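The following exercises are to be worked with the sequence and the coordinates at hand. Each task is followed by a solution in steps.

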Amino acid sequence: MKQGLSRKLLMRGAHVAAVIAGILLAHGGVQRAQAEEPAFLALSGGVYDALDDDTAGEFRAEYRFAEADKLWLFTPFLGVMVTTDKAAYAYAGLGLDILLTERLILTPSLALGAYHDGDGKNLGHTLEFRTGVELAYRFADRSRLGLGLHHISNAGLGNHNSGAESAVLTYAIPTDAIFGR
């Protein structure tokens with residue numbers, strides 16, 4: 001019972017954060033991240049299925065496109081996630097960088113991808129959606145260190161829809177720092 005309540009609160013919190021961010025942005029209450037934001041390679045590690053019995057380690061790599069490649073206000077990204085239980089998730093999505101202060105960035109996101117459960121949690125379908133939010137600190141070199149909370153679910157596409165929550169620590173480094181300009 002307690003885990004079910006925690007999962008519902010986490011899912012609602014991620015959805016509420018995304019809605020609030022969108023409303024604030026639409027009304028000019030929050031500035032977008034600076035126009036020169038580069039592309040990022042984001043590496044994450046943390047806990048998969050954090051609120052249930054099938055907890056495992058999670059590792060993730062994402063390519064986050066540059067400001068110049070945005071789709072209106074949204075930053076496209078591509079990623080892959082693997083767990084210590086051999087589950088894998090390849091996905092594509094959109095995020096919205098919202099500058100809360102000069103250094104703090106809130107990024108709600110939505111992704112769609114293909115999931116394979118390996119020896120891990122059965123989510124009920126190959127097609128899975130991921131919603132979430134990340135709060136990151138942006139350093140002077142534009143790299144970011146953030147905490148992300150995400151929920152993966154098939155949104156009722158399958159007969160079984162257990163869903164899973166992740167809590168990850170992410171370090172995003174500008175790709176020009178890796179590969180040069």
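A residue is called buried when its relative accessible area is under 20%, exposed when that area is over 50%, and partly exposed in between, with a 1.4 Å probe and protein chains only. The model is a predicted one, in which local features need pLDDT of at least 70 and side-chain atom pairs count only at pLDDT 80 or more, while totals for chains, interfaces and linings use all residues. Residues are numbered from 1 along each chain as its sequence is written, and side-chain values use heavy atoms, with hydrogens and water left out.

**Exercise 1. Describe the chain and the confidence of its model.**

Step 1. Helices (H or I, at least four residues) and strands (E, at least two) are DSSP runs, numbered from the N terminus. The chain has 2 helices and 10 strands, in the order α-β-β-β-β-β-β-β-β-β-β-α from the N terminus on.

Step 2. Of the 181 residues in the chain, 42% are buried.

Step 3. Contact means heavy atoms within 4.5 Å. When contacts between residues at least 6 apart in sequence are considered, 56% join residues at least 24 apart.

Step 4. The predictor's confidence in each residue is its pLDDT, from 0 to 100. The chain has a mean pLDDT of 86, with 80% of its residues at 70 or more. Over residues 29-34 the pLDDT stays under 50, and the model has 22 contacts beyond four places in sequence for them.

**Exercise 2. Determine whether Ala88 is buried or exposed, or in between, and list its contacts.**

Step 1. Ala88 lies in strand S5.

Step 2. The relative accessible area of Ala88 is 26%, so Ala88 is partly exposed.

Step 3. Apart from neighbours within four places in sequence, Ala88 contacts Met81, Val82, Ala114, Tyr115 and His116. One of these partners, Ala114, is 26 residues apart from Ala88 in sequence and 8.2 Å apart in space, C-alpha to C-alpha.

**Exercise 3. Identify the residues of the largest nonpolar core and follow two of them.**

Step 1. A nonpolar core is a set of buried Ala, Val, Leu, Ile, Met, Phe, Trp, Tyr and Cys residues joined through side-chain atoms within 4.5 Å. The largest one has 11 residues: Tyr48, Phe77, Met81, Ala87, Tyr89, Tyr91, Ala111, Tyr115, Leu123, Ile152 and Ala164. At least two residues of this core come from each of S4, strand S5 (88-95) and S7.

Step 2. Tyr48 belongs to strand S2 (residues 40-48). With a relative accessible area of 1%, Tyr48 is buried. Although Tyr48 and Ala164 are 116 residues apart along the chain, their C-alpha atoms are separated by 7.1 Å.

Step 3. Leu123 touches, among residues more than four places away in sequence, partners including Tyr48, Tyr115, Ile152 and Ala164.

**Exercise 4. Place Leu127 in its surroundings.**

Step 1. Leu127 sits in strand S8, and at 32% relative accessibility Leu127 counts as partly exposed.

Step 2. Beyond its neighbours within four places in sequence, Leu127 is in contact with Leu112, Gly113, Asn154 and Leu157. Leu127 and Tyr115 are 12 residues apart in sequence, with 6.3 Å between their C-alpha atoms.

**Exercise 5. Characterise the largest cavity and its lining.**

Step 1. On a 1 Å grid over the protein atoms alone, a cavity is a set of points where a 1.4 Å probe fits but cannot get out, and lining residues have an atom within 4 Å of a point. Grid points are joined across faces, edges and corners, and a volume is the space filled by probe spheres set on the points.

Step 2. The whole structure holds 1 cavity of 30 Å³ or more, and the largest cavity contains about 210 Å³ of space. Among the 22 residues that line the largest cavity, Arg64, Phe77, Gly95, Asp97 and Thr107 are the closest to its centre.

Step 3. Strands S3 (56-64), S4 (75-83), S7 (104-116), S8 (127-138) and S9 (144-153) each give two or more residues to this lining. S8 supplies the largest share, 4 residues.

Step 4. Ala, Val, Leu, Ile, Met, Phe, Trp, Tyr, Cys and Pro count as nonpolar, Asp, Glu, Lys and Arg as charged, and the others, Gly among them, as polar. By these classes the lining of the largest cavity has 6 nonpolar, 6 polar and 10 charged residues.

Key
1 Å grid on protein atoms, 1.4 Å probe; cavity = no way out; pocket = protein on both sides within 12 Å on 5 of 7 lines; lining within 4 Å.
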